[in-house]
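Work through the exercises below with the sequence and the model at hand. Try each task before you read its solution.

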Amino acid sequence: MSNAPVDNGRRRFLTAATAVVGSVGAAAVAVPFIKSWNPSAKAKAAGAPVEVNISKLEPGQLLRVEWRGKPVWIVRRTPEVLDGLTKLAEQLRDPDSVEPQQPEYAQNAFRSIKDEYFVAVGLCTHLGCSPTYMPDTFSQQVEGVASGFFCPCHGSKFDLAGRVFQGVPAPLNLVIPPHSYVNENTILIGIEKGAA
């Protein structure tokens, strides 16, 4: 043991200098690490809202777009189709859309903001295959129903409100993505009605 006097000033200086150097080192490691949590530009673009012009969409026609790497369908339904949708409740698994497959504003008989336009993610809720749109020949799948979606993978069937029929593998109605209308001719997919 040394009998030399203790220099408290020097000890404090060395402790403070070590703490500062350690803090700078920790910040140098932490900043890139925390930045790596932010999504890349490609990921941001993939999750961005998609603006769709529907001005040229004819009655009975389907328009496909991509949002977040998934197909989204926009179908312009005819008055006859809308009338037929109100008569299918007994054949459907979830006719009132009780399951959370749609935003609250689409939890209605037509599962849409505007009755005429149906917007849905085009993936079957069974195993994720993309059903086929059958505008005129769906009655081959469900008697008395002219239009609908048929999943060729395992035979699931959906009406033109995306509601699943009973007795098929799909357990839920098609998913309705968050969307809103910018104006009469433009739908914004990815941002809910009233959201900023």
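## Exercise 1: Layout of the chain

**Task.** State how the chain is divided into domains, and give the separation of their centres.

**Solution.**
- Step 1. The chain splits into domain 1, residues 1-38, and domain 2, residues 46-189. Keep in mind that the model is predicted.
- Step 2. Taken over C-alpha atoms, the centres of domain 1 and domain 2 lie 61 Å apart.
- Step 3. Take a residue pair as well. Pro131 and Gly25 are 106 residues apart along the chain, and 55 Å separate their C-alpha atoms.
- Step 4. Place Pro131. It sits in the loop between β4 and β5. With a relative accessible area of 4%, Pro131 is buried.

## Exercise 2: The annotated region

**Task.** Find where UniProt places the feature "domain: Rieske", and describe the secondary structure there.

**Solution.**
- Step 1. The UniProt record, an unreviewed entry, puts this feature at residues 84-188.
- Step 2. Over residues 84-188, helix makes up 2% of the chain and strand 20%.
- Step 3. The end C-alpha atoms of this stretch are 27 Å apart.

## Exercise 3: Cysteine pairs

**Task.** Decide which cysteines form a disulfide, and explain why Cys124 is not bonded to Cys151.

**Solution.**
- Step 1. Set the cut-off: a disulfide needs two cysteine sulfur atoms within 2.5 Å.
- Step 2. Search the whole structure. One disulfide turns up.
- Step 3. Name the partners. Cys129 is joined to Cys153, with an S to S distance of 2.1 Å.
- Step 4. Read the handedness. The angle about the S-S bond is -105 degrees, and the link of Cys129 and Cys153 is left-handed.
- Step 5. Locate both ends. Cys129 is in the loop between β4 (117-121) and β5 (132-134), and Cys153 is in the loop between β6 (148-150) and β7 (157-158), so the pair ties together parts that are 24 residues apart in sequence.
- Step 6. Check burial. Cys129 is buried, at 18% relative accessible area. Cys153 is partly exposed, at 38%.
- Step 7. Turn to Cys124. Its closest cysteine sulfur is in Cys151, at 4.0 Å, so the two are too far apart for a bond.
- Step 8. Check burial again. Cys124 is buried at 5% relative accessibility, and Cys151 is buried at 2%.

## Exercise 4: Positive phi

**Task.** What are the phi values of Ser97 and Arg111, and where do these residues lie?

**Solution.**
- Step 1. Recall the background. Most residues other than glycine have a negative phi.
- Step 2. Take Ser97. Its phi is positive, near 55 degrees. Ser97 belongs to the loop between α3 (79-85) and β4.
- Step 3. Take Arg111. Its phi is about 50 degrees, again positive in a residue that is not a glycine. Arg111 also lies in the loop between α3 and β4.
- Step 4. Compare accessibility. Ser97 counts as buried, at 0%. Arg111 counts as buried, at 0%.

## Exercise 5: A surface patch

**Task.** Which residues form a nonpolar patch on the surface, and how much accessible area do they have together?

**Solution.**
- Step 1. The members are Phe33, Ile34 and Trp37.
- Step 2. Together they have about 380 Å² of accessible area.
- Step 3. Place one of them. Ile34 is part of helix α1, residues 8-35.
- Step 4. Grade its exposure. Ile34 has 46% relative accessibility and counts as partly exposed.

Technical notes. Residues numbered from 1 in each chain as written. Predicted model: local features only at pLDDT ≥ 70, side-chain atom pairs only at ≥ 80, totals over all residues. Heavy atoms only, no water. UniProt positions renumbered as here; feature names shortened; annotations may be inferred. Helix = DSSP H or I, 4+ residues; strand = E, 2+ residues; numbered from the N terminus. Buried < 20%, exposed > 50% of the residue type's maximum accessible area, 1.4 Å probe, protein only. Patch = residues over 30% accessible without salt bridge, like charges linked within 9 Å, V, L, I, M, F, W, Y side chains within 5 Å. Areas by Shrake-Rupley, 256 points an atom, 1.4 Å probe, with all protein chains shown as cover. Salt bridge = Lys/Arg side-chain N within 4 Å of Asp/Glu carboxyl O. Domains from an automatic or database assignment.
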